[in-house]
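User: Please take a close look at one helix pair in this structure. I would like to know how the two helices meet.

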Amino acid sequence: MQMPTSIAFLLLSTLLLSFTFHASGLTLIQLPRNKRTLTFRSGQQLIYRNSLSSASLPPTLKTGDICLLKTFPDPHGQYDDIGIGVYNEESMYAIRILAHHNSELYKTLEGGELTDEEIVYSIFSRKLRAAQSSRLSLGLPSPSTDSYRLLNGEGDGLSGLSLDVYGPTLTVAMSSAAYVEIHKETIMRCLKDVLECEDVVWKRTENRLMQDGFVGEEEEEVVVERKEQNIILENGIKYYIQPVGSQKTGFYTDQRSNRELVSGLAEGKTVLDLCCFVGAFSLNAAVNGGAKKCTGVDSSKDAVAAAQKNAELNGVDNCEFIAMGIEAYMKDAISRGLEYDIVILDPPKLAPTVKSLERASRKYHALNRDALKLVNKKSGGVLMTCTCSSAMSTMNGGQYFLNTIQRASLAAGREITLHGRSHAAACHSTSPLEGSSNYLTAALIGVAAEE
Ligand SMILES: C[S@@+](CC[C@H](N)C(=O)[O-])C[C@H]1O[C@@H](n2cnc3c(N)ncnc32)[C@H](O)[C@@H]1O
């Protein structure tokens with residue numbers, strides 16, 4: 001039986017072109033010419049391992065190696081450029097594309113004889129500058145906000161790294177990919193050169209790094225030239241910030257626009273801020289919104305102590321902060337007949353995976369039911385209810401979360417309406433192709449007065 005010419009050609013080219021190196025010195029990986037490869041050419045950044053089943057993979061290739069990506073040639077010897085990527089031996093993301101074929105960056109790097117470090121430096125410095133100018137176009141930094149997400153992983157074309165800036169001198173880097181750890185020295189140099197920041201705190205997202213096959217021996221955080229205390233500014237409000245040893249980066253920059261939304265509703269109102277962390281929703285309502293009184297509740301004693309200090313820093317005396325589980329607080333408040341005009345509910349990630357959705361939904365149901373019971377019965381009011389679980393935010397286009405709240409309203413015996421849904425602040429950019437990275441939802445719920 002004779003083999004069709006096209007298949008014979010493909011096999012021959014696979015054999016001939018496997019394990020080759022491009023003139024640039026970069027390891028060349030070739031992918032089959034098919035529909036999936038087209039998505040990588042058109043902007044997709046993550047190449048799953050199963051897409052590489054018939055790709056040419058040099059046996060010497062190891063995690064962190066920079067590689068040049070092209071298709072196999074067609075019968076006329078023509079191939080298509082895909083981009084420059086970084087390889088991982090263990091992760092389900094076998095290759096993360098760092099520069100696509102149609103970018104100026106790719107054109108500059110493809111031909112040059114550069115080391116992996118030089119390429120990483122060029123890519124990171126170019127993308128950092130691009131992220132800076134995109135934040136400038138969002139008006140960041142501004143006289144009222146000097147703390148925001150400067151770089152958001154795939155949203156800024158650098159899968160595996162996020163950066164928050166806290167004022168002009170402090171940057172917190174969060175790494176979630178093995179290659180970022182492997183090239184850390186180069187990336188650090190780049191951060192210092194481009195951002196001209198004095199202090200960098202390096203944090204690891206351990207679970208994601210483990211999935212990427214990276215188990216570090218160092219401490220979780222590496223601090224470079226750390227200052228004792230920093231004061232940052234967001235929406236005109238000051239906060240003490242201590243990223244080392246704190247939750248996440250020490251401040252949640254993703255809720256900035258939702259805090260603004262709440263402050264616009266707060267004039268003369270009473271506010272309950274559930275899971276208040278360092279008090280940012282309360283302070284926005286009190287300082288910018290003119291709220292009558294704010295009560296913040298959080299189970300972390302450190303966070304509550306920080307919230308109190310932040311209230312003093314802003315000269316506010318109508319905010320109280322209570323260190324307590326919100327479940328117990330709400331039960332007690334309901335039994336005492338306490339009511340609030342505005343309730344904010346911003347719990348931690350309760351559904352880390354799609355598998356855990358059902359269990360998490362029961363928890364969201366109970367929390368929202370009790371939060372709704374605490375909204376002013378005589379005049380009605382609003383509940384801003386949040387989820388920072390990607391699975392919850394994206395399941396059925398977010399409808400799953402809203403259904404849970406609707407069921408909670410029935411259990412609470414309150415009539416509700418949805419005024420709107422918002423997400424993370426604009427500086428938390430996402431790739432248009434990765435819509436599911438919209439992990440945060442804040443639903444603004446109107447709660448009717450009881451007749
Ligand atoms: C997503 S953060 C809240 C961020 C905050 N709303 C802000 O705007 O910065 C979740 C917070 O919930 C707190 N937390 C976790 N479980 C809790 C519980 N059962 N009761 C009260 N607070 C809790 C954590 O300490 C953390 O501060």
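Analyst: Two residues are in contact if their C-beta atoms, placed from the backbone, lie within 7 Å. Helices (H or I, at least four residues) are DSSP runs, numbered from the N terminus. The model is predicted: local features need pLDDT of at least 70, side-chain atom pairs count only at pLDDT 80 or more, and totals for chains, interfaces and linings use all residues. Residues are numbered from 1 along each chain as its sequence is written.

The pair is helix 12 (residues 357-373) and helix 14 (residues 399-412). From helix 12, Ser361, Tyr364, His365, Asn368, Arg369, Leu372 and Lys373 take part in the contact. Their counterparts in helix 14 are Thr404, Ile405, Arg407, Ala408, Ser409, Ala411 and Ala412. Sorted by class, this contact has 6 nonpolar, 5 polar and 3 charged residues. Here Ala, Val, Leu, Ile, Met, Phe, Trp, Tyr, Cys and Pro count as nonpolar, Asp, Glu, Lys and Arg as charged, and the others, Gly among them, as polar.

Now the geometry. The two axes come within 8 Å and cross at roughly 50 degrees. Axes are lines fitted to C-alpha atoms, for helices over the stretch in contact, and angles run from 0 to 180 degrees between N-to-C directions. The crossing of helix 12 and helix 14 is right-handed, a term used if the near helix is turned clockwise from the far one by less than a right angle; anticlockwise would be left-handed.

Definitions and conventions
Helix = DSSP H or I, 4+ residues; strand = E, 2+ residues; numbered from the N terminus.
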